[in-house]
Amino acid sequence: MDHATPLEQALHVARALVLADLAAGEVADADVVSLVEDSVTHRRWWVEQWPEGVDYLAGLVAQDVKDALLEKYGRWPLCPVCAHGEPHALDVEPELGPDPHWVCSEAGVRVAAVGGLGPVFHPGR
Ligand SMILES: [Zn+2]
């Protein structure tokens, strides 16, 4: 495998960040990892059509995986901020931009960078 090009590096980083968040939520089983691979494959095609979108890959892969998990498994990642009411998933912001974060749209709180959910779910570490 050749990860030398900026595009491949960006895809590699996006994949690693989303896998880290899945691992933090302890949902990184083989089926879920394959959802990440599907998204990376799709986004590789997408960014080849639109190279300016290379900085947006991490947010897009996170959003793809979130949507795919909602269909197959349920809400992910669950909001760790709101103690009351219905459990709900965090959203990715910006939807199409660099430096993506997980946010709780109910409380209007930035929870973590994409790839940074670990410390939120394991605060003692
Ligand atoms: Zn919330």
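Which residue in β3 is the bridge partner of Trp-102? Keep that one in mind while we work through this predicted model; the tour starts at a helix and ends at the strands.

Start by selecting residues 57-72, which is helix α3. Its 16 residues reach 22 Å from the first C-alpha to the last, close to the 22 Å expected at 1.5 Å a residue. Now show the side chains and colour the buried positions: Leu-57, Ala-58, Gly-59, Leu-60, Val-61 and Ala-62 are among them, and so are Asp-64, Val-65, Lys-66, Ala-68 and Leu-69.

What covers those buried residues? Bring up α1 (6-24) and α2 (30-49), then β1 (91-93) and β2 (101-104); the cover on α3 includes these four elements. Before leaving the helix, click on Gly-74, just after α3, where phi is positive at about 130°.

Next, zoom in on β2. His-101 and Val-103 point one way, Trp-102 and Cys-104 point the other way, and all are buried. In a regular strand, side chains alternate between the two faces of the sheet.

Add β1 to the view: β1 and β2 pair in the antiparallel sense over 3 bridges, with Val-92 partnered by Trp-102 in β2.

Now select residues 109-113, strand β3, which pairs with β2 in the antiparallel sense over 4 bridges. Here is the residue from the opening: Ala-112 is the bridge partner of Trp-102 in β3. So finish at the turn of the hairpin formed by β2 and β3, with 4 residues between the strands. Pick out Gly-108 in that turn, with a positive phi of about 65°.

Key:
Residues are numbered from 1 along each chain as its sequence is written. This is a predicted model: local features need pLDDT of at least 70, side-chain atom pairs count only at pLDDT 80 or more; totals for chains, interfaces and linings use all residues. Side-chain values use heavy atoms; hydrogens and water are left out. Helices (H or I, at least four residues) and strands (E, at least two) are DSSP runs, numbered from the N terminus. The expected span of a helix is 1.5 Å times one less than its number of residues. Buried means under 20% relative accessible area, exposed over 50%, partly exposed in between (1.4 Å probe, protein chains only). Contact means heavy atoms within 4.5 Å. Two strands pair if DSSP finds at least two bridges between them.
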